[in-house]
Amino acid sequence: MPDLDTTQLLAALEPVAEENLNRHLQVAQDWMPHEYVPWSLGRDFAELGGEAWSADQSQLSQIARTALEVNLLTEDNLPSYHREIERAFGRDSAWGSWVNRWTAEEGRHAFCIRDYLLVTRGVDPDELERARMQTMETGYDSGDKPLLNVCAYVSFQELATRVSHRNTGKFTDEPIAEKLLTRVAKDENLHMIFYRNIIQGALELAPNQTMRAITDEVVDFQMPGAIIPGFGRKAVQMAMAGIYDLRIHHDDIVAPLLRQWGVWELEGLDSEGEKARDQLASAVAALDAEATRFVEKREERAAKVRARQEA
Ligand SMILES: [Fe+2]
Ligand SMILES: [Fe+2]
């Protein structure tokens with residue numbers, strides 16, 4: 001069967017989008033971002049006669065600050081993500097309603113995390129603002145990814161951000177930050193379910209084409225925040241702290257979604273579909289092996305640090 005084009009896919013999957021938009025609207029809980037910010041801790045900065053920011057004002061560890069900053073800057077780039085999702089899904093029907101609803105929900109993520117960080121003096125606000133400008137001026141651009149690739153990518157990405165927010169929250173060791181990030185992570189989970197169900201529908205409609213899209217997105221996966229200044233170094237710090245690493249990426253993001261979609265049991269693929277699934281299996285095995293090596297290295301390093309401290 002030849003691949004379906006975008007118009008055909010959007011039309012054929014529209015009932016799935018509508019059903020899942022309605023399901024989402026039923027299960028999503030309204031929540032008020034201002035309720036998660038300890039406003040009483042806020043005070044003026046230098047320009048208004050208050051005190052300039054300094055690192056000792058923050059009760060967060062340096063790695064917790066880095067993780068919060070990475071998560072916030074990732075959320076800040078929403079205008080770019082909106083552009084991508086609107087380009088892929090359009091403005092009509094349930095697709096268009098989802099684009100706006102999703103954007104509205106995503107919007108509160110950046111501003112409540114920013115409010116929290118500013119009132120608690122959790123990060124250097126000048127550095128944060130400069131990084132936000134740079135991130136947004138770079139923008140996020142998937143290079144006009146086809147619809148199924150967009151849906152596969154965002155399934156993984158929403159789950160990845162859910163886990164990253166959740167683990168960052170735990171890592172802060174600060175109950176208000178943890179509560180806030182747990183709340184944000186719940187939104188990301190519902191977003192993931194929407195996109196996951198679209199891909200589920202697409203696997204029934206166009207299994208070979210969808211298998212190819214899933215494979216391409218697993219092979220090429222990059223976090224949406226990869227364009228943040230200093231992302232490489234910051235991602236390594238987060239991986240060393242166990243907030244987001246290859247083991248988590250394999251065990252908590254890639255493997256569960258593939259299992260949920262039933263990609264390994266899917267029957268009736270043609271030769272192209274089988275080829276895509278074989279490539280997917282190799283990519284997942286390689287990711288697993290790389291994750292194992294990473295964890296071993298991290299443990300070796302931790303053992304060395306312990307030995308040095310005991311010496
Ligand atoms: Fe978000
Ligand atoms: Fe999300």
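User: How are the donor residues of the iron ion (ligand 1) spaced in sequence?

Analyst: Their spacing is E-x30-E-x2-H-x78-E. Keep in mind that this is a predicted model.

User: Which atoms coordinate the iron ion (ligand 1)?

Analyst: A nitrogen, oxygen or sulfur atom counts as a donor when it is within 2.8 Å of a metal such as iron. For the iron ion (ligand 1), the donors are E75 (OE), listed twice, E106 (OE), H109 (ND1) and E188 (OE). Their distances run from 2.0 to 2.4 Å. This site links distant parts of the chain: E75 is in helix α2 (residues 62-76) and E188 is in helix α7, 113 residues apart.

User: Are E75 and E188 buried or exposed?

Analyst: A residue is called buried when its relative accessible area is under 20%. E75 has 7% relative accessibility, so it counts as buried. E188 is at 1%, so it is buried too.

User: What coordinates the iron ion (ligand 2)?

Analyst: Here the donors are E106 (OE), E158 (OE), listed twice, E188 (OE) and H191 (ND1), at 1.8 to 2.8 Å. In sequence these residues follow the spacing E-x51-E-x29-E-x2-H. Distant parts of the chain are linked here as well: E158 sits in helix α6 (residues 147-172) and H191 in helix α7 (residues 175-205), 33 residues apart. E158 has 0% relative accessibility and is therefore buried. H191 is also buried, with a relative accessible area of 0%.

User: How far apart are the iron ion (ligand 1) and the iron ion (ligand 2), and which residue coordinates both?

Analyst: The two ions are 3.8 Å apart, and E106 coordinates both.

User: Next, the fold. How many helices and strands does the protein have?

Analyst: The protein has eleven helices and zero strands. Read along the sequence, its pattern is α-α-α-α-α-α-α-α-α-α-α. Its radius of gyration is 21 Å, close to the 19 Å that the globule rule gives for 311 residues, so the protein is as compact as a globular protein of that length. The C-alpha atoms fill a box of roughly 65 × 50 × 35 Å along the principal axes.

User: What share of the residues is buried, and what share of the contacts joins residues at least 24 apart?

Analyst: Buried residues make up 52% of the 311 residues. For contacts, take those between residues at least 6 apart in sequence: 83% of them join residues at least 24 apart.

User: How much area does the protein expose, and how many charged side chains does it have?

Analyst: The protein exposes about 15,200 Å², and carbon and sulfur atoms supply 51% of that area. There are 34 positive and 52 negative side chains, and the centres of the two sets lie 5 Å apart.

User: How should I read a positive phi?

Analyst: Most residues other than glycine have a negative phi. In this structure, S93 has a positive phi of about 50° although it is not a glycine. S93 is placed in helix α4 (residues 93-119). At 39% relative accessibility, S93 counts as partly exposed. D173 is another non-glycine residue with a positive phi, of about 60°. D173 is found in the loop between α6 and α7, and with a relative accessible area of 70% D173 is exposed.

User: Where is S80, and which residues is it in contact with?

Analyst: S80 lies in helix α3 (residues 78-89). A contact here means heavy atoms within 4.5 Å. Leaving aside neighbours within four places in sequence, S80 is in contact with G139 and Y140. S80 is buried, with a relative accessible area of 6%.

User: Where do E290 and Q309 lie, and how exposed are they?

Analyst: E290 lies in helix α11 (residues 271-310), and Q309 is placed in helix α11. E290 is at 39% relative accessibility and counts as partly exposed. Q309, at 63%, counts as exposed.

User: What are the distances in sequence and in space between E290 and Y153, and between Q309 and R65?

Analyst: E290 and Y153 are 137 residues apart in sequence and 21 Å apart in space, C-alpha to C-alpha. For Q309 and R65, the separation is 244 residues in sequence and 25 Å in space, again C-alpha to C-alpha.

Key: Residues numbered from 1 in each chain as written. Chains lettered and ligands numbered in written order. Predicted model: local features only at pLDDT ≥ 70, side-chain atom pairs only at ≥ 80, totals over all residues. Heavy atoms only, no water. Donors = N, O, S within 2.8 Å, 3.2 Å for Na, K, Ca; no water. Helix = DSSP H or I, 4+ residues; strand = E, 2+ residues; numbered from the N terminus. Buried < 20%, exposed > 50% of the residue type's maximum accessible area, 1.4 Å probe, protein only. Rg over C-alpha atoms; globule rule 2.2 N^0.38 Å. Areas by Shrake-Rupley, 256 points an atom, 1.4 Å probe, with all protein chains shown as cover. Lys, Arg positive; Asp, Glu negative; His and termini not counted. Charge placed at Lys NZ, Arg CZ, Asp CG, Glu CD.
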